[in-house]
Number of protein chains: 2
Amino acid sequence: MSEWFETADGILSKVWGTLGRGVADAKHPARRPTFATVSTDGWPEARTVVLRTADRASGMLTVHTDLYSDKIKSLQASPRAALHIWDAKQDLQIRLQAEVVIDTGAATRALWDKIPDHAQQSYGVTPSPGTPIETALDYVKEPDPDTFAVLHCTITTIDAVHLGTDHRRVSFSRVGHWQGQWLSP
Amino acid sequence: MSEWFETADGILSKVWGTLGRGVADAKHPARRPTFATVSTDGWPEARTVVLRTADRASGMLTVHTDLYSDKIKSLQASPRAALHIWDAKQDLQIRLQAEVVIDTGAATRALWDKIPDHAQQSYGVTPSPGTPIETALDYVKEPDPDTFAVLHCTITTIDAVHLGTDHRRVSFSRVGHWQGQWLSP
């Protein structure tokens, strides 16, 4: 019986299992990936997001955000994201590249209606996110479905590193039909 | 007596205190920031790094890496990084932008000589990182000072968010002499 990290398929299953845990468990490290984009002036940007869905069959993830956040401006110019998860308990680093489609307005209304009131508070702030304000609390949160955006992330590559006694690194790509390719770590 | 997150100076001190903890404590979340760059083909990239030094007076951080890693290629083309830390215990997200200078060769030799043998193992792998290999362990680690690189990160902006009962977001910049500017969260 081999360990999960000894085969490429074992690692791929662990990656998707980890993403699934992140969706289901608010305390799991995969709940809050780091989401990197390229700004309109060419700088890398990184921030925490909350992983909402992860579907292995389609190779897609979703994340929710405020339509007026900086990441939307960046994604409108360059619709590519890198997602990063470090799961210390499993010694597993997951790096994903994804193409991102932004859904908003009517397309998201059915989903919005299912979001609990307290969570709707995350979407809709005046002035919009990143606006300079005089004092720390000079803003008003008012749930607004018109500021709710869903980021549909179509994964193009997965790079996983297991940092055990030995280091094992493997990549998977959509164009390669998710066949594992071992890489020097 | 105010809480640390109620003043911009309090948050800035907490940011530097957190970075210092990351340098000193291998178990602290600030030990392993996510380090985002832009690849030569314009994709965002993100991976875990280990924070080696953090100096508030100069506003600089250092990170060590393998000279043949993908982040070096990216930084040679675009010497800008975003560093990201999520400290769940403090409900604190730290986002940094930094300009990066790569030191290698003779400039790093004195530092290399101080690195313990087991840690030198992280620098020098054949074939070089990211090269496709036949099976998972088809590589050799051999410490090689010529593959050791130090990334000197000169912070240009700090964006900190405290996600307490209220959300507080503040930015600091080198050009603004690290004076805090509250932002809508």
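Trainee: Where in chain B is B:Pro127 found?

Mentor: B:Pro127 is in the loop between β7 (125–126) and β8 (140–141) of chain B; strands are DSSP runs of E with at least two residues, numbered from the N terminus. This is a predicted model, in which local features need pLDDT of at least 70, side-chain atom pairs count only at pLDDT 80 or more, and totals for chains, interfaces and linings use all residues. Residues are numbered from 1 along each chain as its sequence is written, chains are lettered from A and ligands numbered from 1 in the order in which they are written, and side-chain values use heavy atoms, with hydrogens and water left out.

Trainee: What is omega for the peptide bond that joins B:Thr126 and B:Pro127?

Mentor: Omega is about -5°, and the bond is cis. In chain A, the bond from A:Thr126 to A:Pro127 is cis as well, with omega near -5°. Most peptide bonds are trans, and most residues other than glycine have a negative phi. B:Asp91, in the loop between β5 and β6 of chain B, has a positive phi, near 50°.

Trainee: Why are the two copies described as related by a rotation axis?

Mentor: Chain B is superposed on chain A by a rotation of 180° with 0.0 Å of shift along the axis, at an RMSD of 0.0 Å. The copies are therefore related as by a two-fold rotation axis. The fit is by least squares on the C-alpha atoms of residues with pLDDT of at least 70 in both copies.

Trainee: How do you know through which surface the copies meet?

Mentor: Of the interface residues of chain B, 100% are also interface residues in chain A, so the copies meet through the same surface. With contact taken as heavy atoms within 4.5 Å, 49 residues of chain B touch 49 residues of chain A. B:Trp43, B:Pro44 and B:Ser184 lose the most area to chain A in chain B, together 17% of what that side buries.

Trainee: How much area do chain B and chain A bury between them?

Mentor: About 4,000 Å², 57% of it on carbon and sulfur atoms. Buried area is the accessible area (1.4 Å probe) lost on putting two parts together, summed over both.

Trainee: What makes the pair B:Arg95 and A:Asp70 a salt bridge?

Mentor: The rule asks for a side-chain nitrogen of Lys or Arg within 4 Å of a carboxyl oxygen of Asp or Glu. The side chains of B:Arg95 and A:Asp70 meet at 3.4 Å, N to O, so the pair satisfies that cut-off. Across this interface the rule finds two salt bridges.

Trainee: What confidence does the predictor give the complex?

Mentor: The ipTM is 0.96 and the pTM is 0.97.

Technical notes. Helix = DSSP H or I, 4+ residues; strand = E, 2+ residues; numbered from the N terminus.
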